[in-house]
Amino acid sequence: MTQVTSRATVPGAVPTWSSPAPLRPSPDFGPTDTLRGWLVTAFLTAIAAVTRFTMLNYPTDAGTPVFDEKHYAPQAWQMLTGGGVEDNPGYGLVVHPPVGKQMIAIGEFLFGYNGWGWRFTAALAGTVLVLLVIRIARRLARSTLIGAIAGILMIADGLIFVSSRIGMLDIFMALFITAAFGCLVLDRDDVRARMARVDIEGRIGATPWGPRLGVRWWRFGAGVLLGLACGTKWSGLYFIAAFGILSVCFDVAARRAYGVRKPWLGTALRDVGPALYALVLIPIGVYLATYWAWFVSETGVYRYSVGNQVGTGGPWSFLPDALRSLWFYSGESLHFHEGLTNSAGNHHPWESKPWTWPMGLRPMLYYYADSNVTGCGQAQCVKAVMLIGTPAIWWVALPVLAWMLWRSVVRRDWRYAALLTGYGAALLPWFLTLDRQMYYFYAVPLAPFLMMGLALALGDVMGTARATPIPRSPLGTFLPVAPSERHSLGLLAVCLYLGLVVANFIWLWPILTALPITPGNWHDHLWLPSWR
């Protein structure tokens, strides 16, 4: 059985063991530097909060929302003032589930109908997302340093930054998906800890299928979060499928690692049923619960479609009319989305296709003003907010993804395989509907998986800090232990790269935050023809 180890080589030193994948018989369930881990997390999260909340109410269109905020901010306000339900007069019906707008409504309840109000919870979600990525990457790598690297990448990514400062739905989607992924990683470690206890007690071989694992609250939590993701956007369904498969694979691997005689059959008998409950039935229940206001309303769109748009009979007449009405409502929303195709003449100057998302080749202009703009030091000034991924991060995505795939397939590294599962669920399904209008903000949920994968890859660049003994001094005492040369060079390379990322983010800052700049400076920021 393969085991990744790191041991001090100084005579008399106590060996220390670490492993990216806890295996029998020496389980390792996470970093032990708890205090330092939380201090690093708190420090980086505070930096994220400062960047997200600074001048959060700027810019607006003369005090009104910008870009697609014009849909969600008014709908959230309607929820506060109209009994919890919303409408969309511009399109005739509401085409997204309510959770994201309910989140925006929290901020509007606190601050009113203004920029702070409709952006507050987005900024809070973006800040918490940084915290989650730090903690998840730290647990995946068993390293506080790697977690910190992932946090720095999240702070300095333009896509996540802008999405955290605008009242739209995608940052909430990314938050719920990433949190669900983190719950599954914790569930994996918890399962292995339970298996380790059973192994110590000598009960692994009591049956050919291995032990029952009891209630798994972390997986239950993942189901709740996936339900909230679906209650934000329907693309959460892709993650239900992907994370369900991932959870079952984790269970098979755990039973194999601890010597269960029939791990596949044991997983089928012991784990698949509870997984379906936690990751399918629970999300469905949560999704339906997010429509509570619609269910109790008298004026919700299509609330009473049974008997009006839908007949009272038929094979589904045994279901409550409210559920049948919601099904009809959902079908109308789906029909709306299906009609937004290029072949039907629907085009947008800033739309993009999913093959451009991994490298962020087609960003999106959220806001632009060139009249009555001052403050750049010249007679003519412009200001803009562009949704754009930091090139120093996104332009290395293809080699990073290739590395992640190689590590998953050749080295059987579960960490990269798990991250690729989340990344693939966020990207690959969109290739099935290429005729539809799509935009770069659809890529927001895949960004945390890219950042964590890149952080792990940078950890591989640094390598293991194996201690190198230094010969005795003339006085007969040992000199301090020196790190390996490879690790020192790798650490230097990673630090230089992170410096480049931060510098790139600072360079983009004016077009991420609508600072007044000259037209020439604006064009200097548009590096590629596809950015124009």
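This dialogue explains how to read several features of the structure above.

Q: What kind of model is this, and which residues and atoms count?

A: The model is predicted; local features need pLDDT of at least 70, side-chain atom pairs count only at pLDDT 80 or more, and totals for chains, interfaces and linings use all residues. Residues are numbered from 1 along each chain as its sequence is written, and side-chain values use heavy atoms, with hydrogens and water left out.

Q: How is a helix recognised, and what span does helix α9 reach?

A: Helices (H or I, at least four residues) and strands (E, at least two) are DSSP runs, numbered from the N terminus. The expected span of a helix is 1.5 Å times one less than its number of residues. Helix α9, residues 236–257, has 22 residues and reaches 31 Å from its first C-alpha to its last, close to the 32 Å expected. Just after α9, Gly259 takes a positive phi of about 80°.

Q: Is strand β1 largely enclosed or open, and how does β1 pair with β2?

A: Burial is judged by relative accessible area: buried means under 20%, exposed over 50%, and partly exposed in between, with a 1.4 Å probe and protein chains only. Five of the six residues of β1 (residues 364–369) are buried, so this strand is largely enclosed by the rest of the structure. Two strands pair if DSSP finds at least two bridges between them. β1 and β2 (residues 383–387) pair in the antiparallel sense over five bridges. Within this pairing, Val385 in β2 is the bridge partner of Tyr367.

Q: Which residues other than glycine have a positive phi, and where do they lie?

A: Two cases may be cited. Ala62 has a phi near 55°; its place is in the loop between α1 and α2, and it is exposed, with a relative accessible area of 82%. Asn372 has a positive phi of about 60°; this residue lies in the loop between β1 and β2 and counts as exposed at 81% relative accessibility.

Q: Where is a cis peptide bond found?

A: A cis peptide bond joins Tyr58 and Pro59, with omega about 0°. Pro59 is found in the loop between α1 and α2.

Q: Is Arg119 buried or exposed, and which residues does Arg119 touch?

A: Arg119 lies in helix α4 (residues 115–141) and counts as buried at 1% relative accessibility. A contact means heavy atoms within 4.5 Å. Not counting residues up to four places away in sequence, Arg119 touches residues including Tyr58, Pro59, Glu69 and Arg165.

Q: How are aromatic pairs classified, and how many are counted?

A: Rings of Phe, Tyr and Trp (its six-membered ring) pair if their centres lie within 6.5 Å; planes under 30 degrees apart count as stacked, over 60 as edge-to-face and the rest as tilted. By this rule the count comes to 36 aromatic pairs. Phe67 and Phe441 form an edge-to-face pair, at 6.3 Å centre to centre and 75° between the planes. This pair links distant parts of the chain, 374 residues apart: Phe67 is in the loop between α1 (34–53) and α2 (69–81), and Phe441 is in the loop between α16 (414–427) and α17 (447–462). Phe67 is buried, with a relative accessible area of 18%, and Phe441 is buried, with 5%.

Trp395 and Trp531 form a tilted pair, at 6.1 Å centre to centre and 50° between the planes. Trp395 lies in the loop between α14 (391–394) and α15 (397–409) and Trp531 in the segment after α19 (519–525), so the pair ties together parts that are 136 residues apart in sequence. Trp395 counts as partly exposed at 33% relative accessibility, whereas Trp531 counts as buried at 0%.

Q: Which charged residues lie over the face of a ring?

A: A charge sits over a ring if NZ of Lys or CZ of Arg is within 6 Å of the ring centre and within 35 degrees of the ring normal. Arg135 lies over the face of Trp38, at 3.7 Å from the ring centre. Arg303 lies over the face of Trp294, at 5.4 Å from the ring centre.

Q: What is a nonpolar core, and which residues have the most contacts inside the largest one?

A: A nonpolar core is a set of buried Ala, Val, Leu, Ile, Met, Phe, Trp, Tyr and Cys residues joined through side-chain atoms within 4.5 Å. The largest has 137 residues, and those with the most contacts inside it are Leu153, Phe181, Phe243, Tyr366 and Phe441. Helix α7 (residues 170–200) gives the most to this core, with 13 residues. A second, separate core of 10 residues includes Val191, Met195, Val198 and Ala257.
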